[in-house]
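Trainee: I have this one open and would like to go through it. Please take me round it piece by piece.

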Amino acid sequence: MKGSAVLFLIVINNDFPSDIISTVEFNYSGELLATGDKGGRVVIFQHEQESKNRPQLRGEYNVYSTFQSHEPEFDYLKSLEIEEKINKIRWLPQQNSAHFLLSTNDKTIKLWKISERDKRAEGYNLKDEEGRLRDPFRISSLRVPVLMPMDLMVEASPRRIFANAHTYHINSISVNSDHETYLSADDLRINLWHLEITDRSFNIVDIKPANMEELTEVITAAECHPHQCNVFVYSSSKGTIRLCDMRAAALCDRHSKFFEEPEDPSSRSFFSEIISSISDVKFSHSGRYMMTRDYLSVKVWDLNMENRPVETYQVHEYLRSKLCSLYENDCIFDKFECCWNGSDSAIMTGSYNNFFRMFDRNTRRDITLEASRESSKPRATLKPRKVSTGGKRKKDEISVDSLDFNKKILHTAWHPKENVIAVAATNNLYIFQDKIN
């Protein structure tokens, strides 16, 4: 986002408290935007073409398709209910006129095909116009069916179901750069799947100890490298990141690289281990860097330097004094995501009070914006927000004590080619675009 990162509000979606958005993802072209919610539904928005009368809008996103991806299930062996909430959505690169995406809840991954139909066949020999079978003995002539135009229909159909491979809750799925395989990660294991094979997967990481009482860390996120199909990374609750090469061994128990920033002993506290847990890891589009998000900061790592990050951005350092109350209300365990812009020159992540933060890597400038219905009307310019940490509060600042921790932005996405961003604020979806002068 250039200059003051002025944005426009285009869309707000979902007015029902049960429809809390749990994931947001643009496809590779940015034409489609998918959201998943706690009710197991997937809503896909399509980018409308530019209007000649209003070129400043650069097109809006409107609902393209809605379907129920997952239903609630029950594990009878463990007497556990499996909720339908969509944990992650990942698009596959488009190969033909149809679109494909992977969606997952805690246990089951599904491959969906989204296709359009605007023609229907008419003039069957064995069926009448209403679809009823005709008596073959009364057919006196042979007809050639013809395709007739019809209203556009968008169909979502499940093509593969990948189930029964995870004992623990799935937290990540990532499509590999070979476009044939993908990985799925839960708290203790990472599996590698082939998109055409549903009845088996390869376990490539297993950190489960023989005695569960010796468990010291869990896997929090995993992602494939954008260009090297043999490389992937996974992060842990201890604040470390491991890069693995599948060419080295079938089971990647031994990492190729280990990224960890040494802790400053002077800043150690009771909450240090909790806030150092990494909630998201993302490779840059170039594949040179990766970004990690912990509770208070975003860090950018050069894959060639393991001992410390090359960039560190404080997201909401003013909350460090509030960690005790955040621990008591469980907010300290919130898992914030982060994302790159299309050129890797800027990064974005969420915060509380419906604030989200954007950082320009070239100028080192940052901005705080708010996604809320009260302060934003459609196509209104967003104003930067500032948080007062004490002393005399300025006119436009908000006090850290008045932040609403129930309003949080955990899920964000950035258009791969344009300055268009999607921000999920509980049950509302906001889409912003860069201002055009």
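**Strands, pocket and salt bridges**

Mentor: Start with strand 16 and strand 17, which run antiparallel and are joined by five bridges. A strand here is a DSSP run of E, at least two residues, and a helix a run of H or I, at least four, both numbered from the N terminus. Two strands pair if DSSP finds at least two bridges between them.

Trainee: Before I go on, what kind of model is it?

Mentor: A predicted one: local features need pLDDT of at least 70 and side-chain atom pairs pLDDT 80 or more, while totals for chains, interfaces and linings use all residues. Residues are numbered from 1 along each chain as its sequence is written, and side-chain values use heavy atoms, with hydrogens and water left out.

Trainee: Back to those strands. How many residues sit between strand 16 and strand 17 in their hairpin?

Mentor: Six. Across the pair, Ala-222 has Tyr-234 of strand 17 as its bridge partner.

Trainee: And what is on the other side, with strand 18?

Mentor: Strand 17 is joined to strand 18 (residues 241-245) by five bridges, again in an antiparallel arrangement. Val-231 faces Asp-245 there. That hairpin has four residues between its strands, and Gly-239 takes a positive phi near 85° in it.

Trainee: So is strand 17 buried or exposed?

Mentor: Buried: six of the six residues in 231-236 are, so strand 17 is largely enclosed by the rest of the structure. Buried means under 20% relative accessible area, exposed over 50% and partly exposed in between, with a 1.4 Å probe and protein chains only. Both faces are covered, with Val-231, Val-233 and Ser-235 on one side and Phe-232, Tyr-234 and Ser-236 on the other.

Trainee: Different topic. How much space is in the largest pocket?

Mentor: About 1100 Å³. Of its 44 lining residues, Lys-85, Phe-333, Asp-334, Lys-335 and Leu-410 are closest to the centre. A pocket is an open set of points on a 1 Å grid over the protein atoms alone, where a 1.4 Å probe fits and protein lies on both sides within 12 Å along at least five of seven lines; lining residues have an atom within 4 Å of a point. The volume is the space filled by probe spheres set on the points, which are joined across faces, edges and corners.

Trainee: Which element gives the largest share of the lining?

Mentor: Strand 16, with five residues. By type, the lining divides into 15 nonpolar, 13 polar and 16 charged. Charged means Asp, Glu, Lys and Arg; nonpolar means Ala, Val, Leu, Ile, Met, Phe, Trp, Tyr, Cys and Pro; the others, Gly among them, are polar.

Trainee: How many salt bridges are there?

Mentor: The count comes to 21, taking a side-chain nitrogen of Lys or Arg within 4 Å of a carboxyl oxygen of Asp or Glu. Asp-334, from the pocket lining, pairs with Lys-408, their closest N and O atoms being 3.0 Å apart. The two come from distant parts of the chain, 74 residues apart: Lys-408 is in the loop between strand 29 and strand 30, Asp-334 in the loop between helix 2 and strand 24. Lys-408 is buried at 17% relative accessible area, and Asp-334 is buried at 17%. There is also a network in which salt bridges with shared partners join Asp-19, Asp-37 and Arg-41.

Trainee: Give me one between strands.

Mentor: Arg-117 and Glu-155, with the closest N and O atoms 2.9 Å apart. Arg-117 is in strand 10 and Glu-155 in strand 11, so this pair ties together parts 38 residues apart in sequence. Arg-117 is partly exposed at 33%, as is Glu-155 at 29%.

Trainee: Which residue between helix 2 and strand 24 has an odd backbone angle?

Mentor: Asp-330, in that loop. Its phi is near 70°, a positive value in a residue other than glycine. Most residues other than glycine have a negative phi. Asp-330 is partly exposed, at 48%.

Trainee: And what about Arg-364?

Mentor: Arg-364 has a positive phi of about 60°. It is in the loop between strand 26 and strand 27, and counts as partly exposed at 48%.
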